[in-house]
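Visitor: Could you walk me through this protein, beginning with a sheet and then turning to its domains?

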Amino acid sequence: MKYAHIIGWGSYIPDRVLTNNDLAQIVDTSDEWIYKRTGIRERHIAAANETTATLAFEAAARALVVADLHPSQVDLIIVATSTPEYIFPSTASQVQDYLGATRAGAFDLSAACSGFVYGLDMATQAIATGSINNAIVVGAETMSRVLNWRDRGTCILFGDGAGAVVLKGSAVPGGVMASTLRSDGSGGDMLSLPAVYHNPVPTLGVEYFQNGHHKNTISMDGRQVFRFATKVMSASIKTTVAKAGLSLDEVSLIIPHQANTRIIESSAKRLKISPDRFYLNVQNVGNTSAASIPIALCDAIDDGRLHPDENVVFVGFGGGLTWAASVVKWDVSPPTISRRRREWKRARYIYARSRSKAKRWRRKVVDRFSTPPIPEARLKDADKE
Ligand code: ACO
């Protein structure tokens with residue numbers, strides 16, 4: 001039995017900032033309303049040439065540098081996302097290609113804002129059974145592309161970004177100690193994002209579009225989601241901490257899905273602990289769905305909030321409905337990598353990526369110059385005709 005330790009982490013946030021005041025130019029809202037009700041001041045929006053896959057790649061590459069692993073050592077890439085560009089190829093396969101991680105399996109995971117914790121548990125189980133040894137788990141979203149920018153109840157909440165961790169198997173006890181994954185599909189309509197090919201198709205043709213069925217945007221019953229979130233967050237933290245054989249007092253930091261400061265404050269009240277034990281960065285990034293926990297983890301490390309031998313809890317909730325929590329024994333110190341060494345590693349990654357590109361070109365060349373042979377029998381039939 002192996003333990004899955006987090007040995008690398010990285011995040012990527014697009015440059016473009018959208019403040020509450022900017023939003024007040026788009027919908028009937030104000031900085032005061034948004035900040036008071038959500039704790040959000042600003043969020044980041046992906047540039048036209050950025051996609052969920054490119055954000056995920058940047059975060060994964062940074063995590064690999066911290067982990068000191070070469071892409072060819074990665075066995076599995078899981079990308080938790082609700083905003084993939086394609087159903088297939090998966091965002092995870094795109095990241096695998098961009099990294100040049102030529103020996104990795106890759107798949108996307110759909111569990112909305114709980115997706116990162118789900119992915120962490122899947123990779124942990126694969127490591128524990130000995131099926132794999134190294135995995136990258138990414139949460140990545142371009143939420144700005146699935147928002148209805150006329151709905152002030154949702155467009156003020158979300159932002160774009162990606163975060164990733166690298167997990168490594170080891171016989172040393174520690175790392176991801178326990179997880180709880182849950183779903184309640186009966187609440188699916190409280191928070192939903194239809195697929196572009198949404199069924200059933202009522203009438204084909206112009207009417208199909210007039211009925212608004214082409215719209216692939218988020219809809220949400222904010223109050224109901226709020227009530228659900230406060231309830232499940234505190235319950236899943238309690239269950240998972242107990243599963244890990246710990247008491248709440250032994251947990252140093254809780255990194256929750258960053259949706260709303262009030263949800264976190266209510267959960268702290270239910271758990272009878274200080275809200276200071278929850279890490280918050282929602283004010284600067286908004287709700288980045290599956291990306292929110294790994295982005296917050298990276299910020300918490302940068303802020304010096306995590307130390308070796310401390311226990312940390314990740315807890316997420318979201319569409320599905322889904323919710324999930326993990327307890328991790330944090331057993332790594334941020335590495336001190338010299339600039340030269342970091343550059344050298346990046347250069348090795350560029351080489352790994354170029355191998356992947358070379359493969360694509362080779363396939364094109366082979367395709368151009370080789371015509372598949374026509375079976376003998378069919379040639380004879382054609383002669384007869
Ligand atoms: N600006 C100004 N007024 C607004 C805005 C806005 N952006 N949005 C709503 N209002 C108005 C409403 O119209 C309503 O007005 P009325 O009383 O005249 O009808 C009033 O403010 C109160 O509306 P509520 O919806 O009751 O506001 P609430 O305090 O519940 O806050 C919010 C809304 C912030 C959405 C809250 O319900 C919430 O955070 N819910 C949880 C959402 C969440 O976490 N979702 C993510 C889950 S993760 C995932 O999987 C994607």
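Guide: This is a predicted model, in which local features need pLDDT of at least 70 and side-chain atom pairs count only at pLDDT 80 or more, while totals for chains, interfaces and linings use all residues. Residues are numbered from 1 along each chain as its sequence is written, and side-chain values use heavy atoms, with hydrogens and water left out.

Visitor: In what order do the strands of the open sheet of four strands lie?
Guide: Strands here are DSSP runs (E, at least two residues; helices are H or I, at least four), numbered from the N terminus, and two of them pair if DSSP finds at least two bridges between them. The pairing in this open sheet is mixed. Strand 8 (175-183) and strand 11 (251-256) each pair on one side only, as the edge strands, and the order of the four is 8-13-12-11.

Visitor: Which residue is the bridge partner of proline 256 in strand 12?
Guide: Strand 11 pairs with strand 12 (residues 310-318) in the parallel sense, over five bridges. Within strand 12, the partner of proline 256 is valine 315.

Visitor: At about what angle does helix 5 run to strand 8?
Guide: Axes are lines fitted to C-alpha atoms, for helices over the stretch in contact (heavy atoms within 4.5 Å), and angles run from 0 to 180 degrees between N-to-C directions. Helix 5 (residues 115-128) lies across strand 8, strand 12 and strand 13 (322-330), and its angle to strand 8 is about 125°.

Visitor: How much area do domain 1 and domain 2 bury between them?
Guide: The domain bounds, which come from an automatic or database domain assignment, are 3-330 for domain 1 and 339-384 for domain 2. Taken over C-alpha atoms, their centres are separated by 35 Å, and the contact takes 14 residues from domain 1 and 11 residues from domain 2. Buried area is the accessible area (1.4 Å probe) that two parts lose on being put together, summed over both. Carbon and sulfur atoms carry 49% of the total, which is about 1200 Å².

Visitor: Which residue forms a salt bridge with aspartate 97?
Guide: A salt bridge requires a side-chain nitrogen of Lys or Arg within 4 Å of a carboxyl oxygen of Asp or Glu, and the rule finds one across the interface of domain 1 and domain 2. For aspartate 97, the closest N and O atoms of the salt bridge are 2.1 Å apart, and the partner is arginine 360.
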